[in-house]
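Hi,

Here is the structure I promised to pass on. Please have a look at it first, and then read my notes below.

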Amino acid sequence: MRRPARYRYSARFYDLISAEWPVYRASRLAAVDLLAPRPGQRVLDVGCGTGLNFAYLQRRIGPTGSITAVDASPQMLQQARRRTRSQGWDNVQLIEADASTLDMASLGKGNGFDAALSTYALSLMPSWSQVVSTMISVTRVGGRIAVVDMQRPRGWAAVWTPLARLACWLGGSDIDAHPWTAVESSLADVHAVSLRGAHIQVRTGSVPEDHPPSSGYPPTTPTPTA
Ligand SMILES: C[S@@+](CC[C@H](N)C(=O)[O-])C[C@H]1O[C@@H](n2cnc3c(N)ncnc32)[C@H](O)[C@@H]1O
C-alpha cells in the first residue's frame, strides 16, 4: 500500500508538522459543527489518521456515543491509540484497513452509523468516489456525511498555490481530486463551506431515502486494533 506507507516515519510528528492550527483546524471544526452529531450517536471517521477529529466529536456525542475510526496506516493508528488512551476514551474503536476495500457495513451494527466524516483523507484514495458511496450506504437515512479536502487556492489566494501543492504532495493527496463533489451529487440538504482562499472545501449533506446501497468492492474483514 504505497500511499499510507508515506506516514510510516512522519506519523509521530504529523500533529506538529501538518499546519493544523494555522490552516486546517478551522475546516475540521466547521465540518463537525455541520455534522452536528448528538449525544449517544455513532460516528464513522474514514482515514482518521492520528485522531485529530476525535475531541471535537467527543464533545458532541459524549460517553454514550461511539467513534469507529478506520485508517490504513498502523503508525497513524498508533498515534490515534495514544490520544484515545491518554484521554480515557473507551468509546473509540480503531480499525486498520484500506477504506476502499473494507466491508464497512459490518462495522455499523443495526441501522448503521448516524454520521460519517472524512477529513483530508479521501484525496489520498484513488477510489474516493466508491469510498464516499460506501460511507453513505452505511449511514442511516437522514444521517449526515461530511467531507473535508483540499484544492488549489483560488482568486487572490492563488499566490499560495505552490505551498498548497507542496503540502498535498508531502501528504500524498491529489490536489485535483475534489472528493466533496460526491457529496454534492449524492446527498440532500448539502451545505458548503470554503476556507483559506478556497484551498479547503467542506461539504455536508443528509442521506436521502432513495440512496442505492453500495455496490461495493470485494469486502475485507475489519481488524479492530483497540
Ligand atoms: C492527511 S492524513 C489525514 C488524517 C486525518 N483525517 C486528519 O484530518 O488529520 C490522510 C490519512 O488517510 C489515510 N489513508 C490514505 N489512504 C487510505 C485508505 N485507502 N484507507 C484508509 N486510510 C487511508 C492515511 O493513512 C492518513 O492517515
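The notes that follow go through the ligand site, a helix, a pair of strands and a few single residues.

Before anything else, please keep in mind that this is a predicted model.

**The ligand site**

Let's start with the ligand. Its surroundings consist of 20 residues, and the closest are Arg28, Gly47, Asp71, Ala99 and Thr119. Sorted by class, that shell is made up of 13 nonpolar, four polar and three charged residues.

Three polar pairs are worth finding on your screen. Thr119 brings a polar side-chain atom to 2.6 Å from an oxygen atom of the ligand. Ala99 takes part through its backbone, where a polar atom is 2.8 Å from a nitrogen atom of the ligand. Ala72 also uses a backbone N or O atom, which lies 3.2 Å from a ligand nitrogen. As for how much of the ligand is covered, the protein hides 97% of the 600 Å² of accessible area that the ligand has on its own.

**Strands β4 and β5**

Next, please turn to β4 (113-119) and β5 (139-150). These two strands run parallel and are joined by six bridges. Within this pairing, Ala115 stands opposite Arg144 of β5. Strand β5 is largely enclosed by the rest of the structure, because nine of its 12 residues are buried.

Asp114 is a good residue to click on here, as it belongs to strand β4. Is Asp114 buried or exposed? Its relative accessibility is 10%, so Asp114 counts as buried, the cut-off for that being under 20%. The side chain of Asp114 also forms a polar contact of 2.8 Å with the side chain of Arg140. Leaving aside residues up to four places away in sequence, Asp114 touches Gln41, Arg42, Thr139, Arg140, Gly143 and Arg144.

**Helix α6**

Helix α6 spans residues 128-137 and is mostly covered, with seven of its 10 residues buried. Which residues of α6 are the buried ones? They are Trp128, Gln130, Val131, Val132, Thr134, Met135 and Ile136. The elements that cover them include both strands from the section above, β4 and β5, along with β1 (42-46) and α8 (181-186).

**Three residues in loops**

Finally, here are three loop residues to look up.

Tyr120 sits in the loop between β4 and α6. Although Tyr120 is not a glycine, it has a positive phi of about 55°. With a relative accessibility of 9%, Tyr120 counts as buried.

Ala19 is found in the loop between α1 (14-17) and α2 (20-35). Its phi is positive too, near 55°, and Ala19 is likewise a residue other than glycine. Ala19 is partly exposed, as its relative accessible area is 28%.

Ala157 has its place in the loop between β5 and α7 (161-171). It counts as buried because its relative accessibility is 1%. How far apart are the C-alpha atoms of Ala157 and His199? They are separated by 8.2 Å, while the two residues are 42 places apart along the chain.

If you would like a route through the model, you could begin at Thr119 with its side-chain atom by the ligand oxygen, go on to Tyr120 in the loop between β4 and α6, and then look at the covered helix α6 itself.

Enjoy exploring, and write back whenever you like.

Best wishes

How values were computed: Residues numbered from 1 in each chain as written. Predicted model: local features only at pLDDT ≥ 70, side-chain atom pairs only at ≥ 80, totals over all residues. Heavy atoms only, no water. Near = heavy atom within 4 Å. Polar contact = N/O pair within 3.5 Å; in protein donor to acceptor, adjacent residues only side chain to side chain. Areas by Shrake-Rupley, 256 points an atom, 1.4 Å probe, with all protein chains shown as cover. Nonpolar A, V, L, I, M, F, W, Y, C, P; charged D, E, K, R; others polar. Buried < 20%, exposed > 50% of the residue type's maximum accessible area, 1.4 Å probe, protein only. Helix = DSSP H or I, 4+ residues; strand = E, 2+ residues; numbered from the N terminus. Contact = heavy atoms within 4.5 Å. Pairing = 2+ DSSP bridges.
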